[in-house]
Amino acid sequence: MDSTSPASTDDLLATIHKYWGYEQFRPLQREAMESVLEDRDSVVVMPTGGGKSLCYQVPALCKPGVAVIASPLISLMKDQVDALTACGIRAACINSTVTLAERRSIAADVRSGATRLLYLAPERLLSDRTLDFLSGVDVSFFAIDESHCISEWGHDFRPEYRMMRMLKDRFPGVGVHAYTATATERVRSDIAQQLGLIEPEMLVGSFDRPNLVYRVQRRKDRFAQIQEVVSRHANESGIVYCIRRADVESIAQQLNDNGIKALPYHAGLSDQERQKHQEDFIQERVDVVVATVAFGMGIDKSNVRYVVHAGMPKSLESYQQESGRAGRDGLEAECVMLYSSGDLVTWKRMLGDLPDSAQQAAFHSLEALDHFCIGTECRHQMLVSYFGQDLQEPECEACDVCLGTVDLVEDGMILGQKILSCIARTGERFGADHNAKVLCGSRDKRVLELEHDQLSTYGLLQDQSIRAVRTWIEQLVGQRMLAKTGEFNVLKLTESGRQLLRGEITPKLTKPDGEKEERPKRQRK
Ligand code: ADP
Ligand code: ZN
């Protein structure tokens with residue numbers, strides 16, 4: 001391309017074709033790359049697999065100077081540099097494993113203009129030495145990967161990211177571009193604000209992955225449930241995620257005992273073992289990797305046909321990201337979550353150790369995940385609405401709810417009416433817990449004090465567990481027949497709720513799962 005005139009969209013396409021062999025842009029890539037060429041600031045939000053890396057790699061080749069990329073994941077940086085080098089692109093990465101001699105030679109290449117992309121961990125980028133060095137060279141723009149880490153509202157806050165706003169002060173006029181897969185509206189504007197971006201272009205890709213089929217099942221017989229999925233996908237690649245290392249080991253072992261080639265992957269293995277297991281998976285010497293979340297960051301295998309979560313992830317963002325590793329080639333793939341309320345309790349306990357500011361966001365996201373699991377709305381819709389989007393079609397034909405494979409109670413209308421009448425009788429002044437107790441006929445002190453044991457709806461669902469009733473309430477909220485209001489999540493009937501009471505609509509309520517729990521005391525007077 002002509003080095004005197006600024007690069008154009010055609011140059012971008014020519015560059016993609018020349019180095020990567022791709023014929024066209026993915027959605028939003030053109031806009032994202034153009035904002036780099038125009039020296040604007042931007043926040044680019046694309047789901048995992050959407051093609052964020054190209055958004056900065058391509059313009060880095062079309063603009064004079066060196067593009068500086070900040071990323072928190074050393075392994076990911078190294079993979080990217082290796083991949084770029086393999087395409088014939090001069091890129092380098094400075095991290096703790098780089099020797100002094102290597103660092104000198106990288107610095108010389110950056111100064112001479114040979115290096116087009118320089119990858120750094122955020123804390124290294126922000127060190128005085130690095131900033132001084134960069135002040136003396138021609139920086140084309142800054143790209144900040146995993147930029148949700150800057151926000152306390154994000155699910156992975158890293159304090160060192162906070163210092164990034166220094167870049168705007170030290171390098172006025174140089175574009176700063178933030179990239180992330182996981183940003184709600186709040187995180188998005190927080191990223192822009194924290195970085196001090198100037199009138200940034202906000203580019204938000206569609207979060208829906210229509211080729212993924214989502215299914216959620218109560219975890220009953222964990223291994224049998226995993227095996228069922230794995231055997232439906234014989235000789236295809238899949239990932240099974242677990243929360244604990246011990247589960248990783250035992251499930252991998254059980255799969256092998258059943259003739260399925262599987263390898264474990266977790267932080268307790270040596271670097272060498274991890275590298276080898278990852279390689280065996282990518283080269284398809286094994287079909288299944290059983291892993292903790294440590295696995296998958298930056299691995300680029302496009303034909304993963306299924307992802308099973310044997311344990312729940314810690315947030316809906318994490319779920320989006322982890323399940324998103326399936327079907328990157330755009331062909332149908334399956335995401336199965338084995339849900340257990342025990343996992344929720346585990347996470348709540350673990351998140352309890354976070355500082356207050358981060359805790360609130362973490363709980364919010366965990367609750368969103370809980371609702372994703374127990375809700376009876378389209379799962380594609382539940383996922384995208386968490387990211388502030390709506391589906392075009394009301395039914396996706398690619399989730400267990402829309403496909404009708406969720407076990408629903410036969411008479412959802414009567415059951416829903418009972419629950420709503422109770423909420424009306426208690427005066428629409430209480431939350432789910434209290435109403436569930438009244439419906440189950442609990443002798444709870446507060447129920448008695450308020451004389452709610454005198455109501456006609458008291459004990460109307462006395463054969464059901466409080467947990468089941470709370471799940472149904474949650475499902476009615478999801479279907480907007482009830483609304484949670486105020487600080488205490490007081491339940492109120494909505495217009496659709498009134499339609500249900502009049503028998504005009506039927507809610508989708510799931511069969512109780514029979515999970516063991518304390519039954520409420522039921523000695524009625
Ligand atoms: P993300 O970082 O958003 O998760 P990546 O940048 O790793 O996604 O891209 C995912 C995959 O899509 C990679 O294999 C990448 O080479 C491929 N890809 C990116 N852009 C295009 C494109 N325009 N055409 C075809 N494939 C693309
Ligand atoms: Zn659906």
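**Exercise 1. Helices H17 and H18**

Determine whether H17 passes H18 in a left-handed or a right-handed crossing, and describe how the two helices are arranged.

Solution.

Step 1. H17 passes H18 in a right-handed crossing. A crossing is left-handed if the near helix is turned anticlockwise from the far one by less than a right angle, and right-handed if clockwise.

Step 2. The model is a predicted one, in which local features need pLDDT of at least 70 and side-chain atom pairs count only at pLDDT 80 or more, whereas totals for chains, interfaces and linings use all residues. Residues are numbered from 1 along each chain as its sequence is written, while chains are lettered from A and ligands numbered from 1 in the order in which they are written.

Step 3. Helix H17 comprises residues 412-425 and helix H18 residues 432-440. Helices (H or I, at least four residues) and strands (E, at least two) are DSSP runs numbered from the N terminus.

Step 4. The axes of H17 and H18 come within 10 Å and cross at roughly 115°. Axes are lines fitted to C-alpha atoms, for helices over the stretch in contact, and angles run from 0 to 180 degrees between N-to-C directions.

Step 5. The two helices H17 and H18 are therefore roughly perpendicular. Angles under 35 degrees count as roughly parallel, over 145 as roughly antiparallel, 65 to 115 as roughly perpendicular and the rest as oblique.

Step 6. From H17, Ile-419, Cys-422 and Ile-423 meet Asn-435, Val-438 and Leu-439 of H18; contact requires C-beta atoms, placed from the backbone, within 7 Å. By class, this contact of H17 with H18 has five nonpolar, one polar and no charged residues. Here Ala, Val, Leu, Ile, Met, Phe, Trp, Tyr, Cys and Pro count as nonpolar, Asp, Glu, Lys and Arg as charged, and the others, Gly among them, as polar.

**Exercise 2. Helix H13 and its surroundings**

Establish how many residues of helix H13 are buried, and which elements they pack against.

Solution.

Step 1. Eight of the eight residues of H13 (residues 316-323) are buried, so this helix is largely enclosed by the rest of the structure. A residue is buried if 20 or more other C-beta atoms, placed from the backbone, lie within 10 Å of its own, exposed if 12 or fewer, and partly exposed in between.

Step 2. The buried residues of H13 pack against four strands and two helices, namely E8 (212-218), E9 (237-241), E12 (304-309), E13 (333-339), H15 (356-374) and H16 (379-386).

Step 3. The axes of H13 and H15 come within 7 Å and cross at roughly 60°. H13 and H15 are therefore oblique to each other.

Step 4. Leu-316, Glu-317 and Tyr-319 of H13 make this contact with Ser-365, Ala-368, Leu-369 and Phe-372 of H15. By class, the contact of H13 with H15 has five nonpolar, one polar and one charged residues.

**Exercise 3. Helices H15 and H16**

Find the angle at which H15 and H16 pack, and list the residues that meet.

Solution.

Step 1. The packing angle of H15 and H16 is about 165°, and their axes are 9 Å apart. That makes H15 roughly antiparallel to H16.

Step 2. H15 passes H16 in a right-handed crossing.

Step 3. Ala-368, His-371 and Phe-372 of H15 meet Arg-379, Met-382, Leu-383 and Tyr-386 of H16. By class, the contact of H15 with H16 has five nonpolar, one polar and one charged residues.

**Exercise 4. The shell around ligand 1**

Identify the residues that come nearest to ligand 1, and the helix that gives the largest share of its shell.

Solution.

Step 1. Among the 15 residues around ligand 1, Tyr-22, Gly-50, Gly-51, Lys-52 and Ser-53 come nearest. A residue is near a molecule or strand if its C-beta atom, placed from the backbone, lies within 6 Å of it.

Step 2. Helix H3 (residues 52-62) supplies the largest share of the shell, three residues.

Step 3. By class, the shell around ligand 1 has four nonpolar, seven polar and four charged residues.

**Exercise 5. Two loop residues with positive phi**

Locate Leu-28 and Glu-451, and decide whether each is buried, partly exposed or exposed.

Solution.

Step 1. Most residues other than glycine have a negative phi.

Step 2. Leu-28 lies in the loop between helix H1 (9-20) and helix H2 (29-37), and its phi is positive, near 75°. Leu-28 is partly exposed, with 19 other C-beta atoms within 10 Å.

Step 3. Glu-451 lies in the loop between helix H19 (445-449) and helix H20 (466-478), and has a positive phi of about 55°. Glu-451 is exposed, with 9 other C-beta atoms within 10 Å.
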